[in-house]
Amino acid sequence: MGGRPRPLYERGFALDKLIIKGGKKLSGDVTVSGSKNAALPIFFATILAPGTHEIHNVPFLRDINTTIKVLEQLGAEVEGNGNVVRINTGPIANFEATYDLVKTMRASVLALGPLLARFGKARVSLPGGCAIGARPINLHLKGLAALGADIKLEHGYVEAKAKRLKGGRVNFDIATVGGTEQLMMAAATAKGETILENAAREPEIIDLGDMLCDMGAKIEGAGTDTIRIIGVDELAPVTHRVIPDRIEAGTFIAAAAITGGDIRIHNMRLDHLDALVFKLQDAGVEIINRDNVVRVKGPRRPGAINIKTRPYPGFPTDMQAQYMALMCVADGASVISENIFENRFMHVSELMRFGADITVEGNTATVKGVKKLSGAPVMATDLRASASLILAALAADNTTEISRIYHLDRGYESIEKKLAALGADIVRVKE
Ligand code: EPZ
């Protein structure tokens with residue numbers, strides 16, 4: 001295996017920007033990378049079983065890099081070569097994930113359950129808020145306490161201890177993705193049976209459950225709202241292939257839709273995107289799945305269709321910003337309500353710089369479609385907001401500059417290269 005994965009997020013990338021000349025209809029073929037939101041918990045699950053795990057179809061993203069840094073901080077040895085990463089968690093001898101890393105990627109809190117399960121102790125920084133909301137982890141901590149963990153919050157850190165976690169019943173107030181993943185991992189080697197009620201149902205949770213079962217865990221119901229876990233004494237390292245990234249795939253579907261393009265998307269799971277697909281088809285987008293290649297033909301102008309974001313299998317909050325960009329050029333007015341995060345309309349003011357007509361009342365945005373957007377200098381604020389600005393720029397007249405695109409590098413592998421290969425006029429330049 002080659003050396004460590006190339007450090008994607010280097011100083012030089014911090015101030016890159018994208019220059020996009022809009023008006024091109026996308027065409028051709030694009031391949032979706034592995035899922036960021038499946039890979040992150042899967043990487044942390046390797047802590048549960050000492051030895052070398054081999055993870056395939058890993059997307060090269062800033063968040064993967066950060067996760068590797070957290071695992072190395074704990075003492076794991078990590079090697080990467082292309083989209084295959086080998087993680088040896090045998091040498092782990094440190095049980096602390098520090099603030100400097102956790103604050104850059106909140107999913108690092110997923111180290112907590114596995115460290116507690118394997119070593120009986122963990123000290124993990126609280127992640128702090130982020131652009132889209134406060135995003136507390138109270139449900140994670142309540143669940144771990146229900147399995148017998150002694151949890152203390154001190155100086156911005158979670159200090160957790162447990163001789164051995166014991167099975168218990170956990171009922172989540174909110175169907176939390178991270179909380180469900182945290183508890184699945186912690187319960188896998190707890191003594192006795194654990195029942196998770198009102199669990200999140202995302203495909204990424206099914207993928208994590210599949211990997212844990214391959215490691216020897218006894219888990220039923222991943223992907224439903226009730227998950228049953230019978231604790232086992234130990235788990236073994238595995239080789240696992242990460243599922244395709246449904247949000248990256250959805251973003252390319254939206255790119256074909258907003259440019260009136262005709263593209264073919266490879267290595268995606270259309271069944272992971274039902275809610276999005278039904279809404280886009282209502283808006284006039286043609287989406288056909290033939291021999292595992294998804295063909296997307298955008299309409300001359302999309303219809304205006306309302307959405308409400310919901311936990312899976314409802315409309316994904318991670319596609320709300322991209323969908324809003326499409327509705328900015330729709331034939332009519334649409335109402336978009338964000339029901340998962342309290343502050344996920346950061347893209348609205350930037351989209352209005354393109355000439356979009358959007359009014360926001362609380363968690364609801366009303367978008368009045370305009371015939372044409374016009375390019376402007378804009379700034380990315382968070383991962384999916386960055387994607388929505390790219391979509392608007394692809395459809396806009398003349399040229400757009402998007403700054404602070406390090407947000408993009410967190411969740412999209414070389415999106416500018418993939419879009420250029422589809423005929424977009426897009427270049428990445430250093431600020
Ligand atoms: C995961 O975040 C995803 N991240 C997010 O994707 C995604 O938007 C989110 O799920 C919802 O689908 C990863 O998987 C790494 P939650 P997570 O716990 O687990 C509240 C992206 O763009 N909550 O399901 O943090 C929380 O504040 C990212 O790829 C509590 O109140 O989301 C939110 O309002 C953004 N207490 C709601 O639940 C808790 O203990 C859903 O959060 C936990 C969550």
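Two salt bridges are counted between domain 1 and domain 2, that is, a count of 2. The model examined here is predicted. One salt bridge of the structure joins Asp63 and Arg410. The closest N and O atoms of Asp63 and Arg410 are 2.9 Å apart. Side chains of opposite charge can pair when their charged atoms come close.

The domain assignment sets the frame for this boundary. Domain 1 is built from two stretches, 8-33 and 244-430. Domain 2 covers 36-241. The C-alpha centres of the two domains are separated by 30 Å. Contact between the domains involves 28 residues of domain 1 and 22 residues of domain 2. Together, domain 1 and domain 2 bury about 2,100 Å². Carbon and sulfur atoms account for 52% of this buried area.

Polar contacts also cross the boundary. Between domain 1 and domain 2, 11 residue pairs are in polar contact. On the side of domain 1 that touches domain 2, the elements giving two or more residues are α12 (383-395) and α13 (406-409). The largest share on that side comes from α13, with 3 residues. By residue class, this side of domain 1 holds 11 nonpolar, 7 polar and 10 charged residues.

The ligand was examined next. Around the ligand there are 22 residues. Those that come nearest are Asn138, Leu139, Thr176, Asp318 and Ile340. Asp318 also places an N or O atom of its side chain 2.6 Å from an oxygen atom of the ligand. For Lys36, an N or O atom in the side chain is 2.9 Å from a ligand oxygen atom. Val177 approaches through its backbone: a polar backbone atom of Val177 is 2.8 Å from an oxygen atom of the ligand.

Salt bridges were then counted over the whole structure. The search finds 24 of them. One salt bridge links the side chains of Glu96 and Arg123, with an N to O distance of 3.0 Å. Glu96 belongs to strand β6 (residues 96-97) and Arg123 to strand β7 (residues 121-125), so this pair ties together parts that are 27 residues apart in sequence.

Two details of the backbone complete the description. The first concerns a proline. The peptide bond from Tyr312 to Pro313 is cis. Its omega is near 10 degrees. Pro313 sits in the loop that runs between β18 (307-308) and α10 (320-327). The second concerns an arginine. Arg135 is not a glycine, yet its phi is positive, at about 50 degrees. Arg135 lies in the loop between β7 and α5 (138-146).

Notes:
Residues are numbered from 1 along each chain as its sequence is written. This is a predicted model: local features need pLDDT of at least 70, side-chain atom pairs count only at pLDDT 80 or more; totals for chains, interfaces and linings use all residues. Side-chain values use heavy atoms; hydrogens and water are left out. Domain bounds come from an automatic or database domain assignment. Contact means heavy atoms within 4.5 Å. Buried area is the accessible area (1.4 Å probe) that two parts lose on being put together, summed over both. A salt bridge is a side-chain nitrogen of Lys or Arg within 4 Å of a carboxyl oxygen of Asp or Glu. A polar contact is a pair of N or O atoms within 3.5 Å; within protein, one must be able to donate a hydrogen and the other to accept it, and residues adjacent in sequence count only if both atoms are side-chain atoms. Helices (H or I, at least four residues) and strands (E, at least two) are DSSP runs, numbered from the N terminus. Ala, Val, Leu, Ile, Met, Phe, Trp, Tyr, Cys and Pro count as nonpolar, Asp, Glu, Lys and Arg as charged, and the others, Gly among them, as polar. A residue is near a molecule or strand if one of its heavy atoms lies within 4 Å of it.
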